[in-house]
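This report covers one helix pair, one strand with its neighbours, and one annotated span. The sequence and structure come first.

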Amino acid sequence: MQLKDSSLFRQQAYIDGAWVDADNGQTLKVNNPATGELIGSVPKMGVAETRRAIEAAERALPAWRALTAKDRANRLRRWFELMMQNQEDLARLMTLEQGKPLVESRGEIAYAASFLEWFGEEAKRVYGDMIPGHQPDKRLMVIKQPIGVTAAITPWNFPSAMITRKAGPALAAGCTMVLKPASQTPYSALALAELAERAGIPKGVLSVVTGSAGEVGGELTSNPIVRKLTFTGSTEIGRQLMAECAKDIKKVSLELGGNAPFIVFDDADLDAAVEGALVSKYRNNGQTCVCANRLYVQDGVYDAFVDKLTAAVARLKIGNGLEDGITTGPLIDAKAVAKVQEHIEDAVAKGARLVAGGKPHALGGTFFEPTILVDVPNNAAVAREETFGPLAPLFRFKDEAEVIACSNDTEYGLAAYFYARDLGRVFRVAEALEYGIVGINTGIISNEVAPFGGVKASGLGREGSKYGIDDYLEIKYLCLGV
Ligand code: ADP
């Protein structure tokens with residue numbers, strides 16, 4: 001591993017300020033998805049180690065929440081700076097374990113770090129309220145306090161950003177956190193823990209437990225010390241975790257699956273729409289929960305859009321993300337490849353036509369050709385299910401009402417995109433789409449200053465923005481008799 005600072009590559013878990021192995025010495029192997037090579041291993045921990053991390057978080061809580069917001073903010077700021085100073089090493093680690101091109105990894109590190117900066121600043125603006133009393137002898141007040149010990153479970157598609165988007169607001173608010181990162185991408189998480197320690201985050205405030213999802217997750221959801229769980233991942237696992245949290249009435253924040261429609265109206269700027277579709281669909285090789293999953297293109301511009309998108313996709317350069325000029329890496333694993341193939345076969349069987357890609361890439365492994373399907377019928381599986389891969393299925397539509405109905409005909413409601421220039425249409429469509437996020441004439445919507453989150457089966461709560469810290473705060477009402 002060629003890192004400038006080799007101590008960022010940690011193969012132990014971080015619990016209560018110490019680097020530790022599993023009690024039984026078991027490990028999980030971590031492989032590079034671009035080459036299949038072994039990168040290293042991490043401890044395969046279970047219930048006992050998770051419980052120790054939770055108890056450490058409980059011990060660390062009183063002193064952490066008692067710090068001034070400014071003090072916590074200064075440490076988060078330092079953590080942000082350390083991330084940026086080590087951006088290149090963190091990006092390399094991410095590309096090695098996740099597969100995304102270095103340019104995307106560098107971007108993610110900056111994006112991830114921005115949540116630490118942002119929420120450190122927000123920590124100082126957790127205001128209360130004075131409420132005009134309902135009786136002459138009463139004074140009513142509201143204060144906001146940290147929820148307490150929190151737990152986070154994060155996915156592999158954004159190995160750093162999904163952590164800081166949770167740990168940033170949690171620590172800013174005065175909560176402590178136990179984190180279980182995805183088993184495919186633990187090194188990004190462990191490097192963040194190393195930097196957190198250097199930034200002055202006290203022991204126990206943030207622990208990182210690697211290991212068995214079921215065992216670690218089970219303890220995080222069943223231990224009554226944990227007052228809140230925040231999860232990013234599939235709707236299926238989110239539903240299960242929420243049910244587990246019901247026993248203690250733990251609070252939950254969930255960022256789950258999406259099925260993003262990407263709509264191109266007749267009056268759209270077609271070149272801009274093609275660029276938007278390209279980044280929205282193929283970024284991270286289609287492995288983001290806000291990736292365009294279904295592209296609806298209006299009749300009048302359909303053929304022109306197909307030609308332009310096909311030309312744009314031909315420019316993508318597939319390969320090992322560590323190499324120069326690569327735009328698109330491998331898929332995370334063989335299961336991901338199978339899902340893309342399943343969606344292609346299903347759509348083709350129902351009448352869709354392939355105009356680009358369609359099969360595993362000649363590079364082998366989990367590389368897959370960027371694929372475009374046209375004339376996809378509405379009964380194709382891809383209309384309902386998230387592909388999470390480099391497949392752009394194009395549906396043809398006639399009018400606004402029809403495309404809004406199709407777009408909303410899903411259990412999901414995370415991100416939607418549309419391209420149009422008519423101002424009345426822009427407002428009508430933006431209001432009618434049942435989604436938490438709507439990108440209008442843009443394919444990129446994520447940043448730390450805006451609220452990210454879904455409706456319906458796409459989740460609960462918002463991350464980032466001035467709203468994101470609320471998910472880690474309790475409102476307390478004080479009623480004072482005078
Ligand atoms: P994906 O399909 O994107 O991998 P998952 O929902 O399967 O999404 O995984 C997201 C995160 O949830 C990962 O950290 C994974 O290890 C964890 N996870 C998966 N299954 C469980 C489970 N039964 N309990 C707790 N965490 C789980």
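## Helix pair H3 and H4

In this predicted model, H3 passes H4 in a right-handed crossing. H3 spans residues 87-98 and H4 spans residues 102-123. Their axes are 8 Å apart, and the packing angle is about 120 degrees. Angles from 65 to 115 degrees would count as roughly perpendicular and angles over 145 as roughly antiparallel; H3 and H4 are therefore oblique to each other.

## Strand S12: burial

Strand S12 comprises residues 260-264, and 5 of its 5 residues are buried, so the strand is largely enclosed by the rest of the structure. In a regular strand, side chains alternate between the two faces of the sheet. Both faces of S12 are covered: one side carries Ala260, Phe262 and Val264, the other Pro261 and Ile263, and all of these are buried.

## Strand S12: pairing

S12 pairs with strand S13 (residues 292-298) in the parallel sense, over 5 bridges. The path from S12 to S13 goes through helix H9 (residues 270-282), and this β-α-β crossover is right-handed. Val264 of S12 has Val297 in S13 as its bridge partner.

S12 also runs parallel to strand S17 (residues 415-419), to which 3 bridges join it. Here the bridge partner of Phe262 is Tyr417 in S17.

## Annotated span

An unreviewed UniProt entry carries the annotation "domain: Aldehyde dehydrogenase" over residues 19-477. In the model, this span is 40% helix and 20% strand. The C-alpha atoms at its ends lie 41 Å apart.

Key
Residues numbered from 1 in each chain as written. Predicted model: local features only at pLDDT ≥ 70, side-chain atom pairs only at ≥ 80, totals over all residues. Buried ≥ 20, exposed ≤ 12 C-beta atoms within 10 Å, placed from the backbone. Helix = DSSP H or I, 4+ residues; strand = E, 2+ residues; numbered from the N terminus. Pairing = 2+ DSSP bridges. Right-handed = clockwise from strand over helix to strand, strands pointing away. UniProt positions renumbered as here; feature names shortened; annotations may be inferred. Axes fitted to C-alpha atoms, helices over the stretch in contact; angles between N-to-C directions. Parallel < 35°, antiparallel > 145°, perpendicular 65-115°, else oblique. Left-handed = near helix turned anticlockwise from the far one by under 90°.
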